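Student: I am new to this structure. Could you take me closely through one part of it, the strands, and then show me what else is worth a look?

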Amino acid sequence: MSGIPEPDEFRAEARTWLAEVARPRATGGEWGSGSDSVAVFENWSEEQEREHTARVQEWERTRYDQGWSALNWPQEYGGRSLPAYYEQLYRGEEAAFDVPHRPEIFPVTQALVAPAIGLWGTEEQKSRWLVPMLRTDELACQLFSETEAGSDLAAVRTRAVREGDIWVLTGHKVWTSGARVATWGVAVCRTDPDVRKHAGITVFLVRMDAPGVTVRPIRQMTGGTSFNEVYLDGVRVPDTDRLGPVGEGWRVTLSVLAAERLDSGSLGLDNADRALDLAGNLSRPLTGGEQQRAADLHLRTLVQRLMGLRVTAALVAGREPGAEASVGKLYATETMRRTSDLVSELLGPSLVADTGEWGTYAWTEHLLGAPGYSIAGGTDEIQRTILAERVLGLPKEPVR
């Protein structure tokens, strides 16, 4: 296709193509059948994760090969050079079709890591990594968080020591989604301990099957093992796998985090929609309070989607949507909380008693998982600090 189609034309083309390669998703009349899972974090074994990842990769490769992926990327990377918001237009159409659910590692690879490589990578790195990641032949996870650093990502302790053209990485990362199926890990490391902490950081892409890399699952209170801790024990990484200049890793990291917060703006919308469906399919009338909570949640989903469009508009205009991204992240986590509140009120004791009834006890996975997103991608406190300092211009609190 040449040129930029009008949005309505693009959506019609997307619907036509999707109808050729996928089945329509069951809608309202199917309430009470199919999966009732509303898990925030996937709850599967390593075998299940690998099987599902393979199904999603097959679908993503079909999209890429037929021109419906990497939409805003140049043609040399398999894209169509369309405005960034056309990805949202496509996703809106795809939601009506029965295609595999994309776990977190796919948006991490395609929407976080690939753009960071496009921004910071050498021409050789772009040639080597971008197409395999956009097509999902290779997947990437984030080796960012550390238990000792807490919410202060610049306080990382994982060390990278240079030996000629090789870097030796030693340290421990935690809360890594997709580490078991990832080809690469984007590791934030300290390369100079003698300068201010933001200046002594460098980023590397690490082969997850390299000698010295150990992945251990972390069992959650829901029983699943979506997250992992990753040990780096003398892992040797060539300098050609360094992303960005030595000591400039904090700027590289911020570009990934900004993209993560942009992507997080759509968090919780599917479950919020499901909660509203629950309210409409109860076997009893809603109380006045329940009606008010449901109306509030419905309005929040509309506002959250509009905020997502505002972020996209900033991208289209060539601006880095820092404030918009932080506001969107905060708004999304609050939507998830209010979804929990509505469901708790609607179901009452049915929520905590596993009677086998469809669409009741399954909600415990949302209630247990949703609070995690007030931490993931930058805590709520971090987002408020960003807004206070960068938007309101408030001074930083002095260290006591």
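Tutor: What follows starts with one strand, moves to its partners, and then turns to helices and single residues. Keep in mind that this is a predicted model.

Start at strand β4, residues 184–190. Is β4 mostly covered or mostly open? It is mostly covered, with seven of its seven residues buried. Look at which way its residues point. Trp184, Val186, Val188 and Arg190 face one way from β4. Gly185, Ala187 and Cys189 face the other way. Both sets are buried. The charged residue Arg190 is thus no exception in this list, since it is buried along with the others.

Now find the partners of β4. One of them is strand β1, residues 140–143. β1 and β4 pair in the parallel sense, over four bridges. To place this pairing in the view, pick Leu143. Its bridge partner in β4 is Ala187. Ala187 belongs to the set that points with Gly185 and Cys189.

Another partner is β5. β4 and β5 run antiparallel and are joined over seven bridges. Two pairs help you to trace them. Gly185 stands opposite Val206 in β5. Val186 has Leu205 of β5 as its bridge partner. So β4 pairs in the parallel sense with β1, and in the antiparallel sense with β5.

Stay with β5, which covers residues 201–207. How many of its residues are buried? Six of the seven are, so β5 is largely enclosed by the rest of the structure. β5 also reaches strand β8, residues 242–243. Two bridges join β5 and β8, and the two run antiparallel. Val203 of β5 stands opposite Leu243 in β8.

Next, go to strand β3, residues 166–177. Lys173 lies in it. Is Lys173 buried or exposed? Its relative accessible area is 0%, so Lys173 is buried, the cut-off being under 20%. What does Lys173 touch, beyond its neighbours within four places in sequence? The contacts are Leu143, Phe144, Ser145, Glu146, Val156, Thr158, Val188, Glu229 and Val230. Two of these names have come up already. Leu143 is the residue paired with Ala187, and Val188 is one of the buried residues of β4. For a sense of distance, take Ala95. Lys173 and Ala95 are 78 residues apart in sequence, and their C-alpha atoms are 34 Å apart in space.

Trp175 is also in β3. Its phi is near 65°, a positive value in a residue other than glycine. Ser81 is another such case. Its phi is positive, about 55°, although it is not a glycine. Ser81 sits in the loop between α2 (46–65) and α3. With a relative accessible area of 42%, Ser81 is partly exposed.

That loop leads on to the helices. Two packed helices are described by the angle between their axes and the distance between the axes. Take helix α1, residues 7–21, and helix α3, residues 86–94. They pack at about 40°, with axes 9 Å apart. α1 and α3 are therefore oblique to each other. Their crossing is right-handed. From α1, the contact is made by Pro7, Phe10, Arg11, Ala14, Arg15, Trp17 and Leu18. From α3 come Tyr86, Leu89, Tyr90, Glu93 and Glu94. By class, this contact has eight nonpolar, no polar and four charged residues.

Now look at helix α4, residues 105–120, and helix α5, residues 123–134. Here the angle is about 165°, and the axes are 10 Å apart. That makes α4 roughly antiparallel to α5. This crossing is left-handed. On the α4 side, the contact involves Thr109, Gln110, Val113, Ala114, Ile117, Gly118 and Trp120. On the α5 side are Gln125, Lys126, Trp129, Leu130, Met133 and Leu134. By class, the contact has eight nonpolar, four polar and one charged residues.

Finish at helix α10, residues 364–369, where you find Leu367. At 26% relative accessibility, Leu367 counts as partly exposed. Leaving out residues up to four places away in sequence, Leu367 touches Ser340, Ser344 and Leu351. Leu367 and Leu351 are 16 residues apart in sequence, and 9.8 Å apart from C-alpha to C-alpha.

Key:
Residues are numbered from 1 along each chain as its sequence is written. This is a predicted model: local features need pLDDT of at least 70, side-chain atom pairs count only at pLDDT 80 or more; totals for chains, interfaces and linings use all residues. Side-chain values use heavy atoms; hydrogens and water are left out. Axes are lines fitted to C-alpha atoms, for helices over the stretch in contact, and angles run from 0 to 180 degrees between N-to-C directions. Angles under 35 degrees count as roughly parallel, over 145 as roughly antiparallel, 65 to 115 as roughly perpendicular and the rest as oblique. A crossing is left-handed if the near helix is turned anticlockwise from the far one by less than a right angle, and right-handed if clockwise. Contact means heavy atoms within 4.5 Å. Buried means under 20% relative accessible area, exposed over 50%, partly exposed in between (1.4 Å probe, protein chains only). Two strands pair if DSSP finds at least two bridges between them.
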